[in-house]
Amino acid sequence: MTRLSSPHWRRTAAGLITIATLAACGGTGAAAAGDTPTTGGTIIYGHVQEPPCIFGGWIQQAYISRQVLDGLVTEAEDGSVKPWLATSWTTSPDGLTYTFALKDGVKFTDGTPVDGEAVAWNFDYWENHDGNSTAKVSIDPYYQAAKAIDATHVAISLNKPYPPFLTLITQGYFGIQSPTAVKTKSEQENCEKPIGSGGFIVKEWKHGEEVVLTKNPNYTSWPATAKHQGPAVVDEVRWKFVADGVSRYASLSTGESNVVYEVPTVSWKDAEQRYQTIRYITPGKPVSFSINTKTGPFTDKLVRQAFAYGADRKAAVEAGFHGVIPYEGNPSVSQATPGYDAEVAKAYAYDPAKAGQLLDQAGWTTRNADGVRTKDGMPLSIKLVYGAGFIFTSEGATVLQVLQEQWKQIGFDVKLVPATLAELWGGKYSDPSTFDATPSYWTSPSAAILWIVWRPSTTASPNYSNRSFYNNDTLSQTIQQANTEPDVTKANALYGQAQKIIQDDAAGVGLYTQNSTYAIAKNLKDVWLEKSQGEPVFSDAYFTK
Amino acid sequence: MPTSRSNALGRFAGKVVSSVGVIVAAASVTFFAQLAVPGDRATALMNLQTGQEKKWTPEELAPLNERFGFDKPVIVQYLRYLGGLFRGDLGTSYTQKRPVTEVIGGQLLPSLTLTVAALAVAWVLALGVTLLTVKRGRFLSGLGSTWEALTASLPHYWVGIVLLVVFAVELRIFPIIGGTSASGTVLPVLTLAIPLAGFLGQVTRDEFVQVLEQPFVTTARTRGMSDLGVRLRHVLRHAVLPAITLSGWALGALVAGAVIAENIFGRPGIGQVLVTAVNTRDLPTVTGIVLVVAAIYVVANLLVDLAYAVVDPRLGGAR
Amino acid sequence: MTAATLALPRVVRLPRIGTVLAATVVVLVLVAAVAPGLLTHRSPTAIDLTATLRGPSWAHWFGTDDAGRDLLTRVIYGTRQSLGIGLGATAIAFLIAVVLGFTAALAGGVVDGIITRIVEVAFAFPALLLALLVIAVRGPSLATEIIAVGIGSAPGYARMVRGQVLTVRQAGYIEAAAALGHHGFTVIRRHLFPNAMRPLVAVVTLGVGQSIVWASGLSFLGLGVPPPSSEWGALLDAGRVHITTSWWLEILPGLVIVLVALAVTTLGRTLQNRLGGASR
């Protein structure tokens, strides 16, 4: 098969990919790799977490499902939405109906056509049949219905205008599967080998070891952001699961892998010198503390603000992650998200004196024998519950310990409570009485994430994602307005207002952004990251010799 | 004490029956223990499927509750589960959506290989060091003792990481991501075998020393048997008794060690499956693994008893 | 006197120097556990973001970690928890084992059968699963680790105790003692218990070392004591990712564990040798 060597009109430039050093090209002293492209070969990719099924609502599933499933649209580097399975689309003037024109002749790998019916079926599957709850929660409550108009057109109707809609459906959760496959094959088969129209097909899943993907030779539906036209250049991708960071990174040096995910931050400098590296800052809610505003010491705004001032979060993050992961002062939206308000992020710079003043003002004036502030005989005790191991690596845990020590100096007694997966996901810490602060993140390519996280929780419609238990009607209205505002500038201004409300009230305290880092061997070119969530794309990659 | 054949057969049959009982009991304990873990199972499953941690509304949880019968009374769930066991149906994994037998099956062989090989290597190392150095003068004895004490004190994953960094990363003798290949199995086996060898060696050495003082040893020596002959023919048989008993236990410790070794060396195995299953409260998989391990233990127990009886004839009829 | 006390070469003692060294280490460890402030003036949680990841030097004998904390101080302060886990877990395991093992071996019959079955069932649980379950139910904490490691180790000891008691029961001198008219409890106290337990002294002291090592394994899986604890296993877990760039974080605490376990074992065996001579 031939590879068209057209000029690369989608370079990996600015925007969210902050560092993409391609050291080999142009002869900057690289030893091993030449520049002659070859076809074929096997990419060995070292990933970390093995998902339960290939497709699903967890980001770990989006990473791999994107290799085998295509989406309707994709997000480009500059944030605009570009064609993929849909070649073009129109929006009705009232913003309620999106009509997509699908690329002609695309087939799933089981031979059935990717037509209007198939697309509509998938939307219905996610929304109404538990197909993908993350997909569902991203577009609820705006989504109404999807209907095929003819073989190449599908219309999606909303019940309220929702400009972020297109950006949100660029995520991997919205990959299109063959309805025939889902309907006729067993649950196990669909879990292990979902059928899509993507650049690769799942050949085999050796549990605990790797998933073997082979190239789809009949691939015709690459996204507009692809770096070349045509099916994948390599024959196979072996998606390995290597949990240990040291092993994973070291496997690059012995040639046991060609690309690895999550480079240990201590090895980042070394990686930048020896390999190609990509650092992706995830849009959405950054890793930030949700502060319990409903019960406990943090019901008092002054105490919350003192908490924010009281520790040098920036220095802690930089030390803990060796400068690789950026500090994020904005608790509700990360710097990689459109609509991010940089001014808001500057608030609460480290000021222990001010923190002390605020606490005195709030009545926490006396200290007990351990140096912890007290008020009415109660110590200023904070339970900080965090997901040990799976949300916070040991480096993240160091950051927390540094903060704990600093908070101790101004009189907070912060207890770090590592929670296991079973406990967190079993709901042990869902009640406000069980924690005072808890860090978490949520990936989303749009500031509309604000609605998911900060929608007020009512008895009629509880919002369990609102971990600050913060019900602010002004905030609610601002976000809803922003969500339906068609003019982007105005919408971003409204999102900015929402971020300001949250920051001023210290309902959340910023910490760092969620990141993905990759190191790629020098002789493997054109591995790039998809913009909305940072998944690696291998269908354009090729080896050089 | 003489044992008649029907006696032995009867004892064996009794053992088989009690083994089945052990397995059922083990499975029951796990079943109820999983229920004691805090949090609601449907919530945990939902969270796993979506990668979020939050509470869900009853409507959102309803399909899961219905499908897996979480909302049925406990006793019904228990009986349903036991019934499935006797049919040989270990259930379907909540999270991987495939039969538990499949989940375990694929991972069992690598773990068994690792565990058995580690035990074998540990025995060879332990016996070797003990035989060569016990009671052969202060220096050699001291050396052997110290070596065993040293290796027994090594934390598993510390050994693993050091071996990995030295032999795989720096010296490149072995692969880093070994998978199930032969060369990829050497380091994991050594990781588990070395500390265990120290432990077994120490215990054997102690018994060895004690037995060397027994009257029958003196008798053998006065009859002109060589030192090595004494060691091998008489003393060894008795000295290995505690170590044999410990081997049964060692298999269990090795499973724990296997999780660590599998993690460090990127090896598939039931250790990893177990940890993930406990973390995601995938009850069918957890109990499936427990049962398989229980079955292995039962077999190991039988072998240990046999070995014990063979080695120490005085105990032949006492059980 | 029994036949066993006919003159035989005494058990060779371990090199004197070894015992002295071991004793020194153990004393240091005990001081570190009880009064860590005597060994270091620093605080184990005092951070210094300007001095992170420094290698061993005169100022910091063990170097510093990624928060600038002095590693030696953290090791010293972690002694209490690590030793506590080792001692506590072994004590629990031993207690359970002695009760079960003796009862089973001496009572015989149905009681023996039941206890053996219980031990077999307990055996059926990979020690890790037991620990995971206990931790899942109670949450990670020092007490949980002690209980988990203790329960996990008990079945093995129980079986050993039972085996030993059975062996000793068959031994000539027990029958001799019985023939001499000593009965039941006296036989147990004077002959059975010491002789059955003697080989186990070494095993138990090994066990303390093993428990410390085992607990570090739990920390490795992220199930250990919560931060900012500097329990040795937690230190190993944190140091792991730095092994190729800041080796002291992983190697030195590991060496400490090995050294302490080794010292405890050596002392235990010295003790055992002395005991061994006396009770014959």
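User: Which residue stands opposite Lys147(A) in β8(A)?

Analyst: Ala155(A) stands there, across from Lys147(A). Bear in mind that this model is predicted.

User: How many bridges join β7(A) to β8(A), and how do the two strands run?

Analyst: Six bridges link them, and the strands run antiparallel. Strand β8 of chain A covers residues 153-158.

User: What is the strand order of the sheet in chain A?

Analyst: Read across the sheet, not along the chain. The order is β5-β6-β8-β7 in chain A. This is an open sheet of four strands, with antiparallel pairing.

User: Which strands are at the edges?

Analyst: An edge strand pairs on one side only. Here those are β5 (86-91) and β7 (143-150) of chain A. From one strand to the next, the twist averages 20 degrees.

User: Which helix packs on the sheet?

Analyst: Helix α2 of chain A, residues 116-128, does. It touches β6 (97-102), β7 and β8 of chain A. Its direction makes about 165 degrees with that of β7(A).

User: Where does pLDDT stay under 50 in chain A?

Analyst: Check the average, then the stretches. Chain A averages a pLDDT of 89, and 94% of its residues score at least 70. Over residues 1-31 of chain A, pLDDT stays under 50.

User: How is chain B divided?

Analyst: Into domain 1 (19-86) and domain 2 (100-315). Their C-alpha centres lie 35 Å apart. In chain B, 12 residues of domain 1 are in contact with 10 residues of domain 2.

User: Which element gives the most to the side of domain 1 of chain B that touches domain 2 of chain B?

Analyst: α1(B) does, with eight residues. By class, that side of domain 1 has eight nonpolar, three polar and one charged residues.

Note on methods:
Residues numbered from 1 in each chain as written. Chains lettered and ligands numbered in written order. Predicted model: local features only at pLDDT ≥ 70, side-chain atom pairs only at ≥ 80, totals over all residues. Pairing = 2+ DSSP bridges. Axes fitted to C-alpha atoms, helices over the stretch in contact; angles between N-to-C directions. Contact = placed C-beta atoms within 7 Å. pLDDT = per-residue confidence, 0-100. Domains from an automatic or database assignment. Nonpolar A, V, L, I, M, F, W, Y, C, P; charged D, E, K, R; others polar.
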